[in-house]
Amino acid sequence: MSSAAPGVQEVIPASDVAEAELYHPHSWLTKYVFSQDAKIIGIQYTVTALAIGTVALVLSWLMRVQLGFPGVLSFIDPATYYQFITMHGMIMVVYLLTAVLLGGFGNYLIPLMLGARDMVFPYANMLSYWTYLLAVVVLVASFFAPGGPTGAGWTLYPPQAILSGTPGQDWGIILMLVSLMLFIIGFTMGGLNYVVTVLQARTRGMTLMRMPLTVWGIFTATVMALLAFPALFVGAVMMLFDRLLGTSFFMPALVELGQLREHGGGSPILWQHLFWFFGHPEVYIVALPAFGIVSDLISVHARRNIFGYRMMVWAIVAIGALSFVVWAHHMYVSGMHPYFGFFFATTTLIIAIPTAIKVYNWLLTLWRGDIHLTVPMLFALGFIVTFVNGGLTGLFLGNVVVDVPLSDTLFVVAHFHMVMGVAPILVIFGGIYHWYPKVTGRMLNEGMGRIHFWVTFLGAYAIFFPMHYLGLLGVPRRYHDLGEMAFVPPSTATLNAFISLVAFVVGFAQIVFLFNLFWSLRRGREAGSNPWNATTLEWQTPETPPGHGNWGKELPVVYRWAYDYSVPGAARDYVPQNEPMPAPTRAATGQAT
Amino acid sequence: MIFTLLFLAAVAVIAGIWLFRQGLTSKPWLESAAPAMASAPPVPAARMGLRVFITVATGFLVLLVSAYSIRMEMADWRPPPQPGLLWVNTGVLIVSSLALQWARSAAGRGDIQAVQDGLVFGGTSAIVFLLGQLMAWREMANAGYLLTSNPANAFFYIITAAHALHVLGGLVALARAGMWLRRGAAIGRLRLSVDLCTTYWHFLLVAWLVLFSLLAFAPSFSWLYAICTAPFR
Ligand code: HEM
Ligand SMILES: [Cu+2]
């Protein structure tokens, strides 16, 4: 909104702002804490998200202790277990993945990759981070509130979400809803920035079709998030009213502890519509940036131009659009008109087409490429395998007849962890290994990186692959312990114990990663400005790490697309985007640098 | 969710046309031309920002409307009578919008005094609108149509409150424009600021007209809604 717009720049096109006219921080505090520099904000987002993500990781350990070795930790009773599940799921999806991919990578990379000096509304950008931090604080506060955090499941389905019997009924659910609302407000301020920056602040020559796919992915995902998050916001407001003021938006008439509640006539299904109208696009809000980043990682580390760039862009846009008309596939078991079921099953399966196109194009990019198995590349390859795997089980679950029996089993848990848990996390890691040298000027330690990759990748498979099998056996999801279930053979206990052991190992591998982040800050090998010999603009900055305003005196000018690798006849195996066309053209147009 | 889908379809069409114009079918790998992009984007960033924000805010309101239309179908829905005061408030909001429109054209002419009058009048009438909405709430509550007594009442309060919050946000922006004016900012700067406020005010007015007719007349449109959703019953 206009109140968020900064002072002077508007009339000058943002791409032409001279370095001297940028906002200049005057003290340490405004430079590193209340910073308006998108690079710092990106780092702040990433660090905060990784920190809260670590909490979610620890929660997953605790859940695995209970599932693998029931009763070993006596403080995990059913109520606590629900709270852990809920907080784990919500933190991972919203506060970690969304925040890192859009707030972290988006802030750091969009201006740099487009040749801009900064985001167009730096002040709103700063507010965005601080609102996000506040949301995280409120979320964490619910751990310490009387009654603890909510245990309603990350989907927060009413009526149970606000009834007694669900843990966190007094404060947990309120704090959760407030925190989500804050997150959405914060995100909206950031999101406006990302979109308008892409639309307005590209440097000269950076046409839309010359943007790296990373930017395409983040851009499309941001547009989606701006349209999808309001659904969660509306739902959260209404649920807060139901909980605090006794309205009946979602609450049907019901008897609680022998007493008729004041609610009546509300529709729990209405919440499901609002939630999944946000919830499904959310999967792609996380996936599209991941798609984009992976495309770039593969292209750089296989020294090959991305295969079918245009189709990749179209596929990103198509997936973004389609993902708004599939939400009810999460509601098959809620019952619906058969035509609806048919419609949503069809749209769900159609999304597989653009997605498959992307996978083929990645494979064709790799085909006969000069593949360097660097750590980022390993993670990118790991992503492709994992995503295909999770996507295939998604095709099964998209069909109503298959979904109904498998719903609420560990099969679903295995599916979504593969496709939206492990896969995007692998990309985030890959992205961090890839761009860390630009952010800090030093390489992350390669040996630690390889250990981190192999343990995480193989470990994730060891955790979630057998889980499909448990699901097929009928082991239910969100169960504190299995108790007496005649159809579940005793061997599931052994398998569960195995999964838990692997989960601890995988968790420890993440500590190696965190250690590496700190260790390499001082001890890492000097990176230079372009350690991977990449073409995109962020590697062509005059300083590394890039200084305030990114580009020194003059903005780069873009002459080519982002994927000129191994061009026949070129002197090096890559040609940066800001390098003028080869000799004959240059002679014809005069010196252009 | 029919309304939301219609809204999204509209957004998709506009975005699609725009993308197409941006050369989505070009083949960047064959391009060897020197950069040909115009150096100045056609609209200032702040205006583009406002457009995107209005789209997002519309999406938010449309989702509220969707929720309203879904909840409306439940058996316990008893729409409250709308206070007549709402008609007056609607009039005030129209006046407010007109005043800003006037300020906008004054800014175009460079007539600073008229801009100031327009802003003050527009801002005051917007505040009057908000007070009027508060009084309408009081009237409703006094007549026994409480938040909790029926979901239709609850929607009335939530929808009007959501709209009022957007008006409040607009007032902040308007105050900033007033500040630029007081400080004697350059006319270009002032023009942009007034222009953005006016656009936003028109958005607030249109949004209110739609929401108001929904609140006041939704029951009379139920046959239309029934026809639209008939295939899915
Ligand atoms: C070390 C890695 C991880 C492990 C060991 C793990 C483990 C678990 C476990 C044991 C559950 C509960 C299953 C049940 O009883 O229903 C769960 C639920 C969940 N996890 Fe993870 N998880 C991991 C990473 C992630 C990541 C990266 C995401 C990000 C999307 C994620 C998202 C979720 C969600 C959304 C739920 C469902 C919560 C609910 O049912 O309300 N997890 N996870
Ligand atoms: Cu889905």
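**Ligand 1 shell and the interface of chains A and B**

The side chain of His417(A) places an N or O atom 2.7 Å from a nitrogen atom of ligand 1. The model is predicted. In it, 22 residues surround ligand 1, and α3(A) supplies the largest share of them, seven residues. Chain B and chain A bury about 5500 Å² between them, with zero salt bridges counted across the contact.

**Surroundings of ligand 1**

- The residues that come nearest to ligand 1 are Tyr81(A), His88(A), Trp154(A), His417(A) and Arg478(A).
- Tyr81(A) has an N or O atom in its side chain 2.7 Å from an oxygen atom of ligand 1.
- An oxygen atom of ligand 1 also lies 3.0 Å from a polar side-chain atom of Arg477(A).
- Three helices of chain A each give at least two residues to the shell: α2 (38–68), α3 (78–114) and α12 (410–440).
- By residue class, the shell around ligand 1 consists of 13 nonpolar, six polar and three charged residues.

**Interface between chain B and chain A**

- On the chain B side 61 residues take part in the contact, and on the chain A side 66 residues.
- Carbon and sulfur atoms give 77% of the area buried between the two chains.
- Two residue pairs are in polar contact across the interface, both at pLDDT 80 or more.
- In chain B, the elements that give two or more residues to the side touching chain A are α1 (2–21), α2 (45–72), α5 (151–182) and α6 (187–217).
- The element of chain B that gives the most to this side is α2(B), with 14 residues.
- The chain B side that touches chain A holds 44 nonpolar, 10 polar and seven charged residues.

**Backbone geometry in chain A**

- Most peptide bonds are trans, and most residues other than glycine have a negative phi.
- Pro158(A) and Pro159(A) are joined by a cis peptide bond, with omega about 0°.
- Pro159(A) belongs to the loop between α4 (122–144) and α5 (172–200) of chain A.
- A cis bond also joins Thr544(A) to Pro545(A), with omega about -10°.
- Pro545(A) sits in the loop between α14 (491–523) and α15 (583–589) of chain A.
- Asn550(A) is likewise in the loop between α14 and α15 of chain A, and its phi is near 65°, a positive value in a residue other than glycine.
- Asn550(A) counts as buried because its relative accessible area is 3%, under the 20% cut-off.
- Arg478(A), one of the residues nearest to ligand 1, also has a positive phi, near 55°.
- The loop that holds Arg478(A) runs between α13 (446–473) and α14 of chain A.
- With a relative accessible area of 25%, Arg478(A) is partly exposed.

**Buried residues and their contacts**

- Thr155(A) lies in the loop between α4 and α5 of chain A and is buried, with a relative accessible area of 6%.
- Leaving out residues up to four places away in sequence, Thr155(A) touches Trp271(A), Phe275(A), Trp276(A) and Arg478(A).
- Gln66(A) is part of helix α2 of chain A and counts as buried at 2% relative accessibility.
- A polar atom of the Gln66(A) side chain lies 3.2 Å from the backbone nitrogen of Gly71(A).
- Beyond four places in sequence, Gln66(A) touches Gly71(A), Ile76(A), Tyr81(A), His480(A) and Asp481(A); of these, Tyr81(A) is also among the residues that come nearest to ligand 1.
- Phe278(A) is in helix α7 (residues 268–301) of chain A and is buried, with a relative accessible area of 1%.
- Not counting neighbours within four places in sequence, Phe278(A) is in contact with Val94(A), Ala228(A), Phe229(A), Ala231(A) and Leu232(A).
- The C-alpha atom of Phe278(A) is 9.3 Å from that of Met224(A), a residue 54 places away along the chain.

Notes. Residues numbered from 1 in each chain as written. Chains lettered and ligands numbered in written order. Predicted model: local features only at pLDDT ≥ 70, side-chain atom pairs only at ≥ 80, totals over all residues. Heavy atoms only, no water. Contact = heavy atoms within 4.5 Å. Buried area = accessible area lost by both parts, 1.4 Å probe. Salt bridge = Lys/Arg side-chain N within 4 Å of Asp/Glu carboxyl O. Polar contact = N/O pair within 3.5 Å; in protein donor to acceptor, adjacent residues only side chain to side chain. Helix = DSSP H or I, 4+ residues; strand = E, 2+ residues; numbered from the N terminus. Nonpolar A, V, L, I, M, F, W, Y, C, P; charged D, E, K, R; others polar. Near = heavy atom within 4 Å. Buried < 20%, exposed > 50% of the residue type's maximum accessible area, 1.4 Å probe, protein only.
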